[in-house]
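Trainee: Could you take me through one part of this model up close? I'd like to hear how a single strand sits among its partners.

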Amino acid sequence: MNRLHALFRRAGVIAAGALLGLTGVALIATPASAHHSSVTGTAKCDPATGEWVVTWNIESASTPKDVEKYKLVEVVAKTYVGGKATAVTIPELAVTDDYRHSVNDTLTATLRADRNVTKASLAVRVEWDNGFKERRLRPATVKFCGTCEAPKPTPTPTNPEPPAPTVPNPSASIQADCEGIAHVTLNNADDATAPAKFTVKGGDDFVEKVKVKPGKSTTVQVPAEHATTITVAVEGSKEPLFQGTPKPADDCVKPGEPTGAFKSTCDELIFEINNPEDGKTVTATFTPNKGEPQTLTVEPGMSGTVSFPAEEGLTVTPSGEGIENPEPIAWEKPEDCTPGAGGGDPGLPVTGAAAGGIAAGAAVLLAIGGGLFVMARRRKLRFTA
């Protein structure tokens with residue numbers, strides 16, 4: 001009986017040690033969420049004014065669970081006539097000091113452009129209410145196809161004429177997404193008197209025919225493998241509305257590609273790297289204009305942070321494989337800082353420097369588990385007469 005009791009006691013000690021050790025590993029292995037936004041747009045013709053109407057949609061594509069709102073810290077909108085760009089202002093997309101947009105809602109804005117405009121672009125940079133902001137602008141471009149004209153006044157005929165034949169008033173816009181899928185938006189203007197019959201061809205094997213009623217629009221998605229060459233034709237017209245390769249999406253977060261963000265607190269300038277599970281090990285070096293550089297290596301499925309003590313004039317330049325055009329990032333003192341007040345943000349994801357405490361705790365738990373395991377093994381040693 002005594003030997004059986006000792007056996008169960010040893011097994012219980014080993015299980016307890018293993019549980020404590022695995023708890024520490026789980027704490028370390030839990031990654032934080034990334035921060036990034038996305039921008040998409042569609043366009044259609046307004047026949048009443050002869051203008052293109054672009055609808056932009058902005059979403060907070062990925063954020064930690066405790067983040068609720070965000071604000072726009074930089075907005076760049078342009079229209080193009082041929083190769084000439086003109087900056088435009090979109091009132092709904094104003095840069096503000098308060099976090100007024102919910103991460104759960106789509107921010108929608110409208111841009112109206114003259115009929116001679118050939119394309120429009122929008123790029124935004126976002127900051128969330130946990131203090132993290134995007135390092136680079138997130139852009140999107142919409143290309144206009146076809147014509148957009150206001151109806152011309154009809155002169156009063158001297159002699160009655162038979163009614164004009166029913167005709168469509170078609171147009172199209174094309175935008176490629178980050179997966180290479182081409183989104184072809186087909187429009188038939190409000191002043192059309194007949195349905196527009198479109199044919200969308202992609203590559204050699206993709207063909208889709210669509211009928212669009214007056215005042216309506218629809219979107220055809222051309223798979224990436226067929227989107228290298230696209231033709232949009234409309235019945236009754238000898239020339240296609242569009243023929244060529246859609247402009248690829250800009251600055252996409254590709255599968256397996258890490259994302260980065262930074263934030264300024266009263267005490268620190270903090271950088272975050274999030275590496276998806278299907279990514280590769282990434283290493284970045286952060287070089288301050290004062291002090292020693294720090295190197296951060298993040299394994300797939302993990303996140304990490306580095307931080308630098310805040311001081312006026314501090315700038316840090318990130319560098320490493322995959323970081324294009326590295327530029328210094330300056331520490332900006334938050335407005336709510338008071339002299340002597342401690343910095344930090346309780347909403348900061350627990351990674352990098354903050355993960356040091358968790359890692360230490362996990363190491364202690366692993367040590368305790370290992371010690372209990374050794375003790376259990378030693379109890380197997382018995383001396384006999």
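**Strand 19 and its partners**

Mentor: Let's start at the turn: the hairpin of strand 19 and strand 20 has five residues between the strands, and among them Gly291 takes a positive phi near 105 degrees. Strands here are DSSP runs (E, at least two residues), numbered from the N terminus. Keep in mind that this is a predicted model, where local features need pLDDT of at least 70, side-chain atom pairs count only at pLDDT 80 or more, and totals for chains, interfaces and linings use all residues. Residues are numbered from 1 along each chain as its sequence is written, and side-chain values use heavy atoms, with hydrogens and water left out.

Now for the pairing, which takes at least two DSSP bridges between two strands. Strand 20, residues 294–298, runs antiparallel to strand 19 and shares five bridges with it. Look across from Thr285 and you'll find Thr295 of strand 20. Strand 19 also pairs with strand 22, residues 315–319, again in the antiparallel sense, this time over four bridges. There, Thr287 has Thr317 as its bridge partner.

What about the side chains? Strand 19 covers residues 282–288, and its side chains alternate. Val282, Ala284, Phe286 and Pro288 point to one face and are buried, meaning under 20% relative accessible area (exposed is over 50%, partly exposed in between; 1.4 Å probe, protein chains only). Thr283, Thr285 and Thr287 point to the other face and are not buried. So the two threonines we met in the bridges, Thr285 and Thr287, both belong to that face that is not buried.
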